[in-house]
Amino acid sequence: MADAEKNEKAMEPAADATPNVTEVETVEAATEDAAVAAIEAKVDRGEPILQVRNLVKHFPLTQGILIKRQIGAVKAVDGISFDLYQGETLGIVGESGCGKSTVAKLLMTLETATAGEVFYKGQDITRLSGRALRAVRRNIQMVFQDPYTSLNPRMTVGDIIGEPFEIHPEVAPKGDRRRKVQDLLDVVGLNPEYINRYPHQFSGGQRQRIGIARGLALNPEIIICDEPVSALDVSVQAQVINLMEGLQDEFNLSYIFIAHDLSIVRHISDRVGVMYLGKMAEIGSDTEIYDHPTHPYTQALLSAVPVPDPESREGRERIILTGDVPSPANPPSGCRFRTRCWKAQDKCAKEIPLLAIPERFAGTDSPAAHESACHFAEEKDVVHA
Amino acid sequence: MTITDMPADVPVPRSGEDHGSKLLDVRDLHVEFHTRDGIAKAVNGVNYSVDAGETLAVLGESGSGKSVTAQAIMGILDMPPGRIPQGEIFFRGQDMLKMSAEERRKIRGNKIAMIFQDALSSLNPVLSVGYQLGEMFRVHEGLSRKEAKTKAIELMDRVRIPAAKERVSDYPHQFSGGMRQRIMIAMAMALEPDLIIADEPTTALDVTVQAQVMELLAELQREYHMGLILITHDLGVVADVADKIAVMYAGRIVETAPVHELYKRPAHPYTRGLLDSIPRLDRKGQELYAIKGLPPNLLKIPTGCAFNPRCPKAEDICRTDVPALVPVTEQDGTELPGRGSACHFWKETLHG
């Protein structure tokens, strides 16, 4: 008990500093109301709904048991910026360890950012708390990768999908919940009579549908999908992808679609961001990235994807990178890709390339004129070659 | 229900003593698992063969029996609960299922080796990689520890692990995913086997590393003129490396074809569905074609063609008669070597 009280005091340093406590509270309540109002407001299609600015997440590495000293940091996400527009799908691709899942967690405020801002309808969600944060969380939902571990095996499907209503009771009044859950099951293509079944009675694809139904329960505006189909069989993958596309149109959703399968990302995304070691290497529309990539990493990544067409296997030029991704605890100086890049020069070790439209393409309306973080950005079509 | 599934003549003509010419020849293999809920029929009459220097890709979804077939060939199936009620596996003309355990042990690792999917869980975490690589030489060739270690370093060099000498006493967790998979490949290559079975060798890897590993595998195969059975669900990887393909569904081979033919003109609705349901990197498609329904439960495989509940072309005969894997021909009857389809309506699928 004593501990809890102490904590509460520590949480409110402002109360000690200012003599008039009630006044501070009313001011805070007023800003909170304004924040909630801003979050409840509608955003038009095509307007930015989520703006990420210089987002950073470092996980400290500590040494010692009693006296912990920080000896370094894993720079999982190291300054990335992008916008998500209402109604679009932004794909994020990259190899394992590039920080794409950490970005998802930061956007969900499941992790606190080390630095940087995430604006949801103009409100910086990294600084929100209380009612305003709850309102944000209701509007940003997530679908997880592994449908086998992300559903509690001891809860029925009805309880799993209905659980968000316990936390946000304003969305569905108590008596109405069962019917709502059945509606959701119907929406994702499952039989509403399955409401009392347990997750183990479903196949992988059906479980992922349950995960999607849970994500939809609170009528969110943004759904963050972290590798939603990579655990599924090919024939089932297509079903789930089609379902997600249908739901996007039906409920006017914006997706952030994180995956390592570049073909699926192209299929579903309007815009694509390529991440490498905690940084955004290149971002643009799907045609710009896939047909006119300018960053060497994107080119290598695309050329490494096996194409399901044996005719192309002799003729296709493939860039095969050497070595592995460096450790994010100790990333290379300058451009992070330079250790594996065939174009690297001295400049790449000294200067960090900024994510911007390359100078040589600036002002032209060529599809190569999109943001790319490379000193020697050059267009090269590797997919059709 | 009539069973028309005779051991099919595709792709090998069944002519008595003709086992000698093929490196590996699997004939009418059945595998079942006895479980509390009943008998799960994982493999229901599989026929395939591999020659030296040839790459056979076995394509299928999870539960299609592709890995179980490989385990039966290796002789590493858990028995019980597994059982092989019928079938023959000829390796250089000898039926391995009739051999003694000792004879099989001599073949395993020495003549036929396997690369497993998940390198981290297939390597022993408490033994150094050098020790694990050297084990092959110590056990099969009786080399001393020191000699085995030298051999291990050679192997690591061959699969291009940088600084092999320094890294030989490292433990598996100190290697990255791609490097671990190289160690798995080195281990399989150790005794220069005639046949390598690679069970989803790159599924756990990133695309850039996958490309490195597949290239290495292809290069080693060319160098040693080995047979390779590549088990995968990735149609892209198959298109890149395979010579011929066997598509499996519910424990049967539903289609066999040379790689170019299969992608151009599939002769089974399941293969066609799979090809249509993958998004392409080089073009932005419309809505994806999705095969409806789910892969069957192996405890109760549908009667007739196992694919019939999901097939857009299914008719009454599909629900009663099991289609045999029959040779596929051109419209005018010209033979298409190596092609076969287990569909009652292969003509319509191929030519329609």
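**Two open sheets and one contact**

Author: In chain A, seven strands form an open sheet of mixed pairing, ordered β6-β7-β8-β3-β9-β10-β11. This is a predicted model, in which local features need pLDDT of at least 70, side-chain atom pairs count only at pLDDT 80 or more, and totals for chains, interfaces and linings use all residues. Residues are numbered from 1 along each chain as its sequence is written, while chains are lettered from A and ligands numbered from 1 in the order in which they are written.

Reader: What makes β6 and β11 of chain A edge strands?

Author: β6 (140-143) and β11 (371-372) of chain A each pair on one side only. Strands are DSSP runs of E with at least two residues, helices runs of H or I with at least four, numbered from the N terminus.

Reader: How do you know that β10(A) and β11(A) pair?

Author: Pairing requires that DSSP find at least two bridges between two strands. Two bridges join β10 (residues 279-285) of chain A to β11(A), so the criterion is met, and the strands run antiparallel. Within this pair, I283(A) stands opposite E371(A).

Reader: Why is one side of β7(B) and of β12(B) left without a neighbour in the sheet?

Author: The sheet of chain B is open, with eight strands in the order β7-β8-β9-β3-β10-β11-β13-β12. Both β7 (112-115) and β12 (326-329) of chain B stand at its edges with a single partner strand, so one side of each has no neighbour.

Reader: What joins β7(B) to β8(B)?

Author: Four bridges join β7(B) to β8 (residues 195-199) of chain B, and these strands run parallel. I115(B) stands opposite A198(B) there.
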